[in-house]
Amino acid sequence: MEINTRNLHIREFKTSDLLPLTELRSTPKYIELIPWENHSKDYSKKLFDDFMRWQSESPRIKFQLAICYQENMNLIGTTGIRIKSINHREAEMGLCLSVDFWGKGFAIDAGQEMLYFAFNELNLHRIAAETLDENKRAINFCHKLGMKLEGKFRQNKFYNGRWYDSVRFSILKDEWNNISYKYKS
Ligand SMILES: CC(C)(COP(=O)(O)OP(=O)(O)OC[C@H]1O[C@@H](n2cnc3c(N)ncnc32)[C@H](O)[C@@H]1OP(=O)(O)O)[C@@H](O)C(=O)NCCC(=O)NCCS
């Protein structure tokens, strides 16, 4: 699958993306701003292998895509819709951009495209997202997509020797239908 916006080209991962994906996740700035993620080369390789494998699963329930910058087609991030339950038509959504591309509205662009895909193409009913309570950019991103806060989980994540609270957001198909006209117009 392939999605184009004014600034972004969103497509399936390919073999040559391993190196840029590993680099993107291990820049000093990214590690400083997102210290809770596992930034090791081995972990990036594991993620990459998962992303490639999911493409050929049948039925396909996980769509993890590469986000490229239209201007030069460089890989600048990744986003995914992962169906949790086919019966309940529920999925999790995630998105990550290289720090150099934060604050430009690119994340919201890609996020809206993924919600459009999830609700209109996959006919899902509910999309959820989870992040840490101190990840203010991610929380802003969820709000801007029209997601609602479902709850906060106290100290349910332990990374790098300390506890973090996490928060869960979701958006339902009806809610998306009510706001998506703004995005498509
Ligand atoms: C979460 C993440 C994707 C958000 O990226 P982002 O660049 O902050 O998000 P956006 O694309 O929504 O851009 C937001 C800011 O860009 C600025 N901006 C500049 N030009 C803009 C434009 N043309 N349109 C919209 N916003 C624009 C705005 O100031 C906006 O901030 P505001 O909403 O407070 O006004 C990014 O921080 C990231 O990759 N984090 C690491 C992974 C992660 O935490 N993922 C979330 C898991 S759910």
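1. Is Glu 23 buried, partly exposed or exposed? Keep that one in mind while you turn the model around, and remember that you are looking at a predicted model. Here is how it works out: Glu 23 sits in helix α1, and its relative accessible area is 47%. Buried would need a value under 20% and exposed a value over 50%, so Glu 23 counts as partly exposed. Now find Phe 119, which is 96 residues away from Glu 23 along the chain. The C-alpha atoms of these two residues are 32 Å apart.

2. Now zoom out to the whole chain. You should be able to find six helices and eight strands. Starting at the N terminus, their order is β-β-α-α-α-β-β-β-α-β-α-β-β-α. The radius of gyration is 16 Å, close to the 16 Å that the globule rule gives for 185 residues, so the chain is as compact as a globular protein of that length. If you prefer to think in terms of a box, the C-alpha trace spans about 40 × 40 × 35 Å along its principal axes.

3. A few totals for the chain help too. Of its 185 residues, 48% count as buried. Take the contacts between residues at least 6 apart in sequence: 59% of them join residues at least 24 apart. The accessible surface is about 10,100 Å², and carbon and sulfur atoms account for 48% of that. As for charge, there are 28 positive and 24 negative side chains, and the centres of the two sets lie 2 Å apart.

4. Back to helix α1, which covers residues 18–25. Which of its residues are buried? They are Leu 21, Thr 22, Leu 24 and Arg 25. Looking down the axis of α1, you would see these buried residues within an arc of 160°, so they line one face of the helix. What do they pack against? Their partners are α2 (28–33), α3 (41–55), β4 (75–85) and β5 (90–97).

5. Helix α5 (residues 136–144) is a good one to look at next. Its buried residues include Ala 138, Ile 139, Phe 141 and Cys 142. These cover an arc of only 155° around the axis, which puts them on the same side of α5. On the other side of α5 you will find Lys 136, Arg 137 and Lys 144, which are exposed. The cover over the buried residues of α5 includes β5, α4 (106–121), β6 (126–132) and β8 (162–172). After α5 comes Gly 146, with a positive phi near 90°.

6. Some backbone details deserve a look. Where is the cis peptide bond? It joins Ser 58 and Pro 59, with omega at about 0°. Pro 59 belongs to the loop between α3 and β3 (62–69). Then there is Met 73, which has a positive phi of about 65° although it is not a glycine. Met 73 is in the loop between β3 and β4, and at 40% relative accessibility it counts as partly exposed.

7. Arg 89 is another residue other than glycine with a positive phi, in this case near 50°. You will find Arg 89 in the loop between β4 and β5. Its relative accessible area is 34%, so it is partly exposed. Arg 89 also has a link to the next point: its C-alpha atom is 8.7 Å from that of Leu 122, though the two are 33 residues apart along the chain.

8. Leu 122 itself lies in the loop between α4 and β6. With 24% relative accessibility, it counts as partly exposed. Which residues does Leu 122 touch, leaving out those up to four places away in sequence? The answer is Phe 63, Ile 81, Ile 83 and Phe 117.

9. Last stop: Arg 6, in the loop between β1 (2–4) and β2 (8–12). Its relative accessibility is 76%, and the cut-off for exposed is over 50%, so Arg 6 counts as exposed. The C-alpha atoms of Arg 6 and Gln 70 are separated by 7.5 Å, although their positions lie 64 residues apart along the chain, counted as the distance in sequence.

Note on methods
Residues numbered from 1 in each chain as written. Predicted model: local features only at pLDDT ≥ 70, side-chain atom pairs only at ≥ 80, totals over all residues. Heavy atoms only, no water. Helix = DSSP H or I, 4+ residues; strand = E, 2+ residues; numbered from the N terminus. Rg over C-alpha atoms; globule rule 2.2 N^0.38 Å. Buried < 20%, exposed > 50% of the residue type's maximum accessible area, 1.4 Å probe, protein only. Contact = heavy atoms within 4.5 Å. Areas by Shrake-Rupley, 256 points an atom, 1.4 Å probe, with all protein chains shown as cover. Lys, Arg positive; Asp, Glu negative; His and termini not counted. Charge placed at Lys NZ, Arg CZ, Asp CG, Glu CD. Arc of directions from axis to C-beta.
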